[in-house]
Amino acid sequence: MANRYMTTTEWGLLIALSILWGGSFLFNGILVRELPTLTIVAARVALAAIALWTIVRLSGHAIPRSKEVWLAFLGMGVLNNIIPFSLIVWGQTHIASGLASILNATTPLFAVIAAHLLTQDEKMTGGRLVGVLVGFAGVALMIGPSVLSDLGTNVLAQLAVLGGAVSYSIAGIFGRRFRSMGLPPLLPAAGQVTTSALLMLPVALVVDRPWTLAMPSAEAWAALFGLAFLATALAYVIFFRILATAGATNLMLVTFLIPVSAILLGALVLGEMLAPKHFAGMALIAVGLAAIDGRLVRMFLEKRRPIGSDAKS
């Protein structure tokens with residue numbers, strides 16, 4: 001059964017994951033200027049697969065042989081890689097990264113609904129739903145209302161990013177099965193990107209014919225390696241570690257933290273200025289996360305409960 005509350009370690013891993021995935025929007029923004037969508041996705045999962053299987057061999061884990069396990073890897077690869085990567089990368093060729101990240105931040109909302117319908121131990125609560133809505137409002141406020149001016153244009157691209165968010169939320173539910181299979185997080189991470197690569201590489205070769213494209217710039221190569229090794233290989237090891245113990249709904253909270261990580265990294269690394277809207281948005285996100293986690297609300301209610309109210313009459 002998934003934990004209702006996340007531990008300090010799980011929160012730390014979630015923040016680390018948000019930093020890694022926060023960079024994926026930047027990497028994608030660089031790559032779409034030079035490479036087509038299918039080539040980006042195929043190269044991302046293929047390079048990640050090479051990195052992860054290298055680590056698997058060095059760590060001494062046995063490669064799964066079961067047909068059931070590899071079918072699960074395939075399902076996870078389709079739901080968690082092929083569909084969302086392709087939809088979001090294509091969407092980013094038509095809409096700004098800021099708007100894409102806002103639309104991607106709807107993932108926890110879809111995850112709450114999907115978990116309520118498809119699981120027995122992650123049912124929707126009023127506090128959890130309110131927390132998701134408050135957190136989403138915080139993301140929109142932090143990125144700024146100006147980005148919403150494009151909300152009515154490029155509708156297909158926006159629907160594509162929303163489709164990616166839906167696919168991520170369902171993947172979180174689907175991936176719960178790996179814990180019952182007794183697999184360490186490294187193996188589902190490697191297995192899903194491998195099946196994704198096997199499906200995507202032939203499609204990219206036929207459709208994009210990448211050997212006919214101009215040689216990518218050094219900046220594009222750096223972005224591709226960052227996307228594959230950091231935002232995919234390392235990120236998915238953390239992803240499955242959190243999923244195994246904290247559950248799908250808690251895991252999807254990472255999409256609220258991704259914009260926070262991106263903005264803070266911009267301030268720390270690039271010297272970008274933080275505006276009042278950033279702090280206000282982060283405060284709303286913190287409130288939303290606290291409501292979803294539930295512990296602070298429960299503590300508040302317990303403090304307000306009259307002494308002796310639980311005593312037998």
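Contact here means heavy atoms within 4.5 Å. This is a predicted model, where local features need pLDDT of at least 70, side-chain atom pairs count only at pLDDT 80 or more, and totals for chains, interfaces and linings use all residues. Residues are numbered from 1 along each chain as its sequence is written, and side-chain values use heavy atoms, with hydrogens and water left out.

**Exercise 1.** Find the helix that holds Leu-38, then list the contacts of Leu-38 beyond four places in sequence.

*Solution.* Step one: helices are DSSP runs (H or I, at least four residues), numbered from the N terminus. Leu-38 belongs to helix H2, residues 37-59. Step two: setting aside neighbours within four places in sequence, Leu-38 touches Met-200, Val-203, Ala-204, Val-207 and Asp-208. Step three: take Val-207 from that list. Its C-alpha is 8.0 Å from that of Leu-38, although 169 residues separate the two in sequence.

**Exercise 2.** Check the span of H2 against its expected value.

*Solution.* Step one: the expected span is 1.5 Å times one less than the number of residues. Step two: H2 has 23 residues and should therefore span 33 Å, which agrees with the 33 Å between its end C-alpha atoms. Step three: look just past the helix, where Gly-60 follows with a positive phi near 85°.

**Exercise 3.** Where does H3 bend, and by how much?

*Solution.* Step one: the bend at a residue is the angle between axes fitted to the seven residues ending there and the seven starting there. Step two: at Val-78, H3 bends by about 40°. Step three: compare the span; the 26 residues of H3 reach 36 Å from first C-alpha to last, close to the expected 38 Å.

**Exercise 4.** Which helices each supply at least two residues of the lining of the largest cavity?

*Solution.* Step one: a lining residue has an atom within 4 Å of a cavity point, on a 1 Å grid over the protein atoms alone, where a 1.4 Å probe fits but cannot get out. Step two: the helices are H1 (8-31), H3 (67-92) and H12 (254-269).
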